[in-house]
Amino acid sequence: MSDPIPFIDLAAQRRHIGAALDAAVARVMDHCGFILGPEVERFEADLKAFCGARHAISCASGTDALALVLMAKGLRPGQAVLVPAFTFCATAEVVAWLGATPVFVDVEEETFNLCPASLEQGIATARERGLDPVAVMPVDLYGRPVDYDRIEPICAREGLWMLTDAAQSFGAAYKGRPVGTIGLATATSFFPSKPLGAYGDAGAVFTEDDDLAEAMISLRMHGAGRERYDHVRIGMNGRMDAMQAAILVEKLKIFGEEIAARRRIAARYDALLEGVVRTPAIDPDAPSVWAQYTIRIPDGGREAFRAALQQAGVPTAIHYPKPLNRQPAYAHYPSAGNGLPVSERLAEEVVSLPMHAYLDEAVQDRIVAAIRAAL
Ligand SMILES: *Cc1c(COP(=O)(O)O)cnc(C)c1O
């Protein structure tokens with residue numbers, strides 16, 4: 001067996017910009033402003049410039065970013081939020097935190113993203129249950145933006161606001177509209193394995209709405225008012241720490257190049273795997289930033305396939321092995337229509353391959369050879 005290949009090679013990135021990262025962290029340790037402070041302000045300014053959003057508010061995680069929006073909107077029991085079933089649990093978790101009801105919606109076979117027809121069924125399901133559907137949280141799964149032109153008219157007609165869960169897609173754009181500027185607000189994550197990853201937990205929320213931004217800045221710091229120890233809302237401790245901001249300022253400088261590298265690597269996977277396995281569909285209107293490169297292994301063959309790859313030193317991951325409607329903590333929440341067949345099938349078939357900006361051709365060739373051998 002040859003050397004194991006990393007699924008995401010964070011060490012390669014560190015070799016590339018390690019000196020700048022060390023200096024950035026050292027500056028924080030020297031000035032001792034560990035909470036908020038100049039690095040956080042700088043990072044927020046850089047984020048705004050990067051995606052063109054009016055407000056960029058940093059926070060402690062992607063989960064907190066989602067929660068800040070829902071808290072600022074006063075989400076409450078009796079209200080429903082439509083969420084895809086095929087996503088990471090945090091998307092639904094934050095809705096449940098506030099006592100509101102997540103209603104699970106199916107996704108589409110080709111895009112892995114929210115299905116407009118199922119969304120309409122989910123809205124009807126919520127109303128049949130006596131709930132008030134107020135919002136939808138589309139997820140740009142694996143880094144590919146949702147087809148928003150098919151979601152926004154439904155929101156407009158049904159009076160729903162939209163919080164986009166862009167935890168995996170920061171840096172992408174939909175028909176030229178940068179992620180961060182779509183919907184009432186956008187939440188993203190800088191969890192280390194996301195395309196723009198910190199060295200710990202961190203996140204951010206974007207909005208064009210001044211009042212919402214003001215509320216979220218207050219909420220992330222215990223509902224602070226204008227005076228110190230004046231609390232005007234029930235908030236949380238949801239600030240980004242200065243070390244993470246210092247690291248992210250450096251990483252954002254090379255993020256554009258890293259996205260370009262991910263896209264080259266994904267295109268090479270597409271070419272090398274064509275006719276071998278079912279590769280992700282691509283859409284020039286919604287180009288992915290490839291948080292994951294995810295193929296499909298149908299007919300119950302996935303576990304044997306993964307084991308064969310593991311044997312060849314090639315790690316894989318499953319995002320996600322169960323749709324949320326099958327998770328013990330979430331199974332009692334309503335689902336749209338008569339079930340979520342696409343989410344159920346995808347959960348059994350998807351496999352993510354090693355993907356990061358520093359994956360070289362020799363390693364990628366080894367991965368592809370192992371895939372051919374495994375089949
Ligand atoms: C990672 C992720 C989150 C949560 O982000 P954290 O920073 O880990 O809290 C939320 N939604 C999706 C779709 C994610 O992938």
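## Polar contacts with the ligand

A polar contact here means a pair of N or O atoms within 3.5 Å. With that in mind, take a look at Thr63 in this predicted model: one of its polar side-chain atoms lies 2.5 Å from an oxygen atom of the ligand. That is within the 3.5 Å limit, so the pair counts as a polar contact.

Two other side chains are worth finding. Lys194 has a polar side-chain atom 2.9 Å from an oxygen atom of the ligand, while an N or O atom in the side chain of Asp165 is 2.8 Å from a nitrogen atom of the ligand. As for cover, the ligand taken alone exposes 380 Å², and the protein buries 92% of that.

## Who surrounds it

There are 16 residues around the ligand, and the ones that come nearest are Gly62, Thr63, Gln168, Ser189 and Lys194. Sorted by class, the shell has 7 nonpolar, 7 polar and 2 charged residues.

Helix H3 (62-72) and helix H4 (90-97) each chip in with at least two residues of this shell.

## The pocket itself

So where does the ligand sit? Its space is the largest pocket, which holds about 430 Å³. The pocket is lined by 26 residues, with Phe88, Ala167, Ser189, Phe191 and Lys194 closest to its centre.

H3 and H4 turn up again in the lining, and strand E8 (185-189) joins them: each supplies at least two residues. The lining's mix is 12 nonpolar, 11 polar and 3 charged residues.

Terms used
Residues numbered from 1 in each chain as written. Predicted model: local features only at pLDDT ≥ 70, side-chain atom pairs only at ≥ 80, totals over all residues. Heavy atoms only, no water. Near = heavy atom within 4 Å. Polar contact = N/O pair within 3.5 Å; in protein donor to acceptor, adjacent residues only side chain to side chain. Areas by Shrake-Rupley, 256 points an atom, 1.4 Å probe, with all protein chains shown as cover. 1 Å grid on protein atoms, 1.4 Å probe; cavity = no way out; pocket = protein on both sides within 12 Å on 5 of 7 lines; lining within 4 Å. Sits in = over half its atoms within 2 Å of the grid points. Helix = DSSP H or I, 4+ residues; strand = E, 2+ residues; numbered from the N terminus. Nonpolar A, V, L, I, M, F, W, Y, C, P; charged D, E, K, R; others polar. Points joined across faces, edges and corners; volume = space filled by probe spheres on them.
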